[in-house]
Amino acid sequence: MTADKNQAETALDALVAELHTRGRLRVWSLVITLFGDAIVPRGGKAGLSVLQAVMTRLGVGNGAVRTAMSRLAADGWVEREKSGRNSIYALAASGRHAFDEATRRIYAAGPPEWDGRWTIAVALPSTSQDKREVALNASGFVCAGGNTWVRAETNAQPPLPDDLEGMLVVTSQAPAVPRKSDQFWQLADIAAAYDVLAERFARLGRSLVNGDRLQPLDAMAARTLLIHDWRRAVLHDPGLPAELLPDDWPGEKARVLVRSIYTKLAATSESWLDDAGLPPLRDPAHFAERFGIQPPISLEP
C-alpha cells in the first residue's frame with residue numbers, strides 16, 4: 001500500500017484489476033448496471049461523459065464505452081439524443097422494464113415471504129414443452145422430473161405464464177414438505193458465486209467499516225462494481241424462501257456484506273452524481289429504503 005492511499009482505495013484498485021482478469025469484459029453490461037442503479041432513480045438520462053468517467057475509473061477506455069453504447073442503441077436497450085456536442089443516453093422502455101423487474105430482487109431486504117403454497121404444473125404426455133419450458137423457467141418453475149414442474153408461491157413470484165394449455169396446474173398448501181426440498185434446484189453454482197462475491201469484496205467492506213473513505217468518483221465506481229457482481233449472482237438465484245434454503249446458504253451472508261458496503265458508499269457516490277450534473281433523486285425516501293435498511297440509508301455525505 002502506498003503512503004497516500006487508505007485501505008479502501010487500495011481495495012478498490014485490487015477490485016478493478018481483478019475485474020480485468022475474468023476474461024472478456026462485457027462493457028455494455030457494466031453500463032446497464034450503472035443505469036439501473038444510479039441513473040434511473042434520477043430521471044433515467046445521462047451524458048456520455050458521465051458514463052465514461054465512471055467506466056474510466058473501472059479501467060475501461062472511452063472507445064470501448066462508445067462501442068458499448070452503439071451496441072446498446074442498436075439492440076434497443078438505450079435511446080440517444082444530442083445536446084450540443086454531447087450525446088445523452090436513456091434506457092429505452094424495454095430496457096427500463098427489464099431492470100424494473102429485476103430491481104425488486106436486487107435490493108430486497110431478504111428472502112421472499114412464503115405461506116407454504118406450491119404450484120404444480122404437469123404436462124400431458126402428448127404436449128410439446130419446447131417453447132413452454134422457457135416461459136416456465138422465467139416464471140420461477142423448476143423441472144422436478146419428467147413432465148412435472150414446481151414452484152414455491154412466494155410474494156416475489158411473477159404471474160403464471162399465459163399459455164399453459166395442455167398442462168394440469170394446481171396451487172395448494174402442501175400437507176408436508178420433505179427435508180432438503182432445495183434439491184429440486186441446482187444451487188451449487190449459485191452458492192459458489194455468492195462465496196466468490198463475499199471473498200472479493202471482504203477487504204473493501206472491512207476498510208469502510210473501519211472508517212476509511214473513498215473519493216466521490218471512486219465511491220461511484222465501487223458501488224457500480226458491487227451492484228454489477230451482486231446483480232449477476234442474485235438474478236441467477238431462484239429466490240427461494242428461507243424455509244427452503246439449506247442451513248449453510250451463503251446468499252444471505254453475501255447480502256449482509258453488500259448491504260453494508262452499499263450503505264457506506266451511497267451518500268458519497270450520490271454527491272458525485274450531483275456534481276456531474278444529473279437531476280436530483282426523484283424519490284429519495286424510496287432510494288434510502290434499498291435492501292430494507294433500517295434506519296434508511298443516509299444521503300448526507
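User: Two strands count as paired if DSSP finds at least two bridges between them. In this predicted model, which residue in β7 stands opposite Ala123?

Analyst: The model is predicted. Strand β4 covers residues 114–123 and is joined to β7 by seven bridges, the two strands running antiparallel. Since two bridges suffice for pairing, β4 and β7 are partners through their seven. In β7, the residue opposite Ala123 is Met167.

User: Which residue in β6 is the bridge partner of Thr119?

Analyst: Strand β6 (residues 148–154) pairs with β4 in the antiparallel sense, over six bridges. Thr119 also has a bridge partner in β7, namely Thr171. In β6, the partner of Thr119 is Arg151.

User: In what order do the four strands of the open sheet stand?

Analyst: β4 pairs with β7 through seven bridges and with β6 through six. The open sheet has four strands with antiparallel pairing, in the order β5-β6-β4-β7.

User: Why is one side of β5 and of β7 left without a neighbour in the sheet?

Analyst: In the order β5-β6-β4-β7, β5 (142–145) and β7 (167–173) each have a single partner strand. From one strand to the next, the twist averages 30°. One side of β5 and of β7 lacks a neighbour because both strands stand at the edges.

User: Are the rings of Trp118 and Phe184 stacked or edge-to-face?

Analyst: A search of the whole structure finds ten aromatic pairs. In the pair of Trp118 and Phe184, the ring centres are 6.4 Å apart and the planes stand at 70°. Planes over 60 degrees apart count as edge-to-face, so the pair of Trp118 and Phe184 is edge-to-face.

User: How many residues apart in sequence are the parts that the pair of Trp118 and Phe184 ties together?

Analyst: Trp118 belongs to strand β4, whereas Phe184 lies in the loop between β7 and α7 (188–209). The pair therefore ties together parts whose separation in sequence is 66 residues.

User: What is the angle between the ring planes of Phe184 and Trp185?

Analyst: The ring centres of Phe184 and Trp185 are 6.0 Å apart. The pair is edge-to-face, because the angle between its planes is 85°.

User: Is Phe184 buried or partly exposed?

Analyst: Buried means under 20% relative accessible area, and both Trp118 at 8% and Trp185 at 9% meet that limit. Phe184 has a relative accessible area of 32%. Values from that limit up to 50% lie in between, so Phe184 is partly exposed.

User: Which residue lies over the face of Tyr107?

Analyst: Tyr107 forms one aromatic cluster with Tyr262, Phe287 and Phe291. At 4.0 Å from its ring centre, the residue over the face of Tyr107 is Arg290.

User: What is the radius of gyration of the protein?

Analyst: The protein has ten helices and seven strands. For 301 residues the globule rule gives 19 Å, and the protein's value is close to this, so it is as compact as a globular protein of that length. Its radius of gyration is 21 Å.

User: What share of the 301 residues do buried residues make up?

Analyst: The C-alpha atoms fill a box of roughly 65 × 45 × 40 Å along the principal axes. Among contacts with a separation of 6 or more, residues 24 or more positions apart account for 78%. The buried share of the 301 residues is 46%.

Terms used. Residues numbered from 1 in each chain as written. Predicted model: local features only at pLDDT ≥ 70, side-chain atom pairs only at ≥ 80, totals over all residues. Heavy atoms only, no water. Axes fitted to C-alpha atoms, helices over the stretch in contact; angles between N-to-C directions. Phe/Tyr/Trp six-rings, centres within 6.5 Å; stacked < 30°, edge-to-face > 60°. Buried < 20%, exposed > 50% of the residue type's maximum accessible area, 1.4 Å probe, protein only. Lys NZ or Arg CZ within 6 Å of the ring centre and 35° of its normal. Rg over C-alpha atoms; globule rule 2.2 N^0.38 Å. Contact = heavy atoms within 4.5 Å.
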